[in-house]
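Biologist: I should like to learn how to read a protein model, one feature at a time. Where should we begin?

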Amino acid sequence: MSATHAHELDAAAQSGQSRNHAVSPVLWMGLLLAILLGVFTLIRRHDAPAPALPASAPATPTAVSPATQVATPETAPAPLQRKPAVVRDRQARPLAGNPAPAYPPAALRAGIEGSVVASLQVDAQGKVTDASIVSHDGQRSRDLDRAVLDTLRDWRFEPALRDGRAVATVVRVPVDFRTGR
């Protein structure tokens, strides 16, 4: 190494400059996290409350093909003139992420088909507190009953409302098992 090159490296080190400008991955992740938090904060500020369901909404949700509720768009009043939303009575509604009961492999191999209706007691927080089978249509199978109860006990619901307050309620959920042969 020449004397002038060594002198240039010493001068660069003393002035705080370096040739390697690598940025820590932790800094990049922190910057990404800050951007995501900013976006979520903006989205949350602009979210409008969900419109209430009409009184003609179905009272019993289904496990295999839940009914899709379509709300009509409403014009929002000016922010200073916002009136409190009128909350209507409604039945408990299952959340979108609830899994459908799986067809038990033993029942599928045996060709067992049928419908099972489960009765779920849902508390004011939307959790299932008790589940039981209330009826069968087709061939009765303990495997089908067990699959339905094991899955539906973990479901979460939007709680039922009475006079604007969340209340406990009973929900019936029909589940169809068909082999498709």
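**Reading strands, salt bridges and surface**

Modeller: Let us begin with a pair of residues in this predicted model: S119 stands opposite S132 in strand β3.

Biologist: Which strands does β2 join, and how many bridges are there to each?

Modeller: A strand may be read through its partners. Here β2, residues 114-122, is joined to strand β3 (residues 128-138) by 9 bridges, and the two run antiparallel. Another 9 bridges join β2 to strand β7 (residues 169-177), again in an antiparallel arrangement. In β7, the bridge partner of S119 is R172. S119 thus has S132 opposite in β3 and R172 as its partner in β7.

Biologist: What do β2 and β3 form, and how many residues lie between them?

Modeller: They form a hairpin, with 5 residues between the two strands. In the turn, G126 has a positive phi of about 90°.

Biologist: Is strand β2 mostly covered or mostly uncovered?

Modeller: In a regular strand the side chains alternate between the two faces of the sheet. Strand β2 is mostly covered, since 7 of its 9 residues count as buried, a term used for a relative accessible area under 20%.

Biologist: Let us turn to charged side chains. How many salt bridges are there, and which residues does one of them join?

Modeller: The general idea is to look for a side-chain nitrogen of Lys or Arg within 4 Å of a carboxyl oxygen of Asp or Glu. By this rule the model has 5 salt bridges. One of them joins the side chains of R93 and E158, with an N to O distance of 2.6 Å. R93 lies in strand β1 (residues 93-94) and E158 in strand β4 (residues 157-158), so this salt bridge ties together parts that are 65 residues apart in sequence.

Biologist: How accessible are R93 and E158?

Modeller: R93 is partly exposed, at 23% relative accessibility. E158 is also partly exposed, with a relative accessible area of 28%.

Biologist: Where do R146 and D143 lie?

Modeller: Both lie in helix α4 (residues 142-152), where they are 3 residues apart, about one turn of the helix. They form a salt bridge whose closest N and O atoms are 3.0 Å apart. R146 is partly exposed at 46%, and D143 is partly exposed at 27%.

Biologist: What is the N to O distance between R153 and D150?

Modeller: Their side chains meet in a salt bridge at 3.9 Å. Some salt bridges share partners, and in this way R90, R93 and E158 are joined into one network.

Biologist: Which residues make the nonpolar surface patch?

Modeller: To find such a patch, one asks which nonpolar side chains come together at the surface. Here W28, L31, L32, I35, L36, V39, F40 and I43 make a patch of about 800 Å². W28 lies in helix α2 (residues 25-46). With a relative accessible area of 54%, W28 counts as exposed.

Biologist: What is the mean pLDDT, and where does pLDDT stay under 50?

Modeller: One should read the predictor's confidence alongside any feature. The mean pLDDT of the protein is 75, and 63% of its residues reach 70 or more. Over residues 50-76, pLDDT stays under 50; for this stretch the model has 30 contacts beyond four places in sequence.

Key: Residues are numbered from 1 along each chain as its sequence is written. This is a predicted model: local features need pLDDT of at least 70, side-chain atom pairs count only at pLDDT 80 or more; totals for chains, interfaces and linings use all residues. Side-chain values use heavy atoms; hydrogens and water are left out. Helices (H or I, at least four residues) and strands (E, at least two) are DSSP runs, numbered from the N terminus. Buried means under 20% relative accessible area, exposed over 50%, partly exposed in between (1.4 Å probe, protein chains only). Two strands pair if DSSP finds at least two bridges between them. Patches are made of residues with over 30% relative accessible area and no salt bridge: like charges are joined within 9 Å, nonpolar side chains (Val, Leu, Ile, Met, Phe, Trp, Tyr) within 5 Å. Accessible areas come from the Shrake-Rupley method with a 1.4 Å probe; for residues, only the protein chains shown count as cover. pLDDT is the predictor's confidence in each residue, from 0 to 100. Contact means heavy atoms within 4.5 Å.
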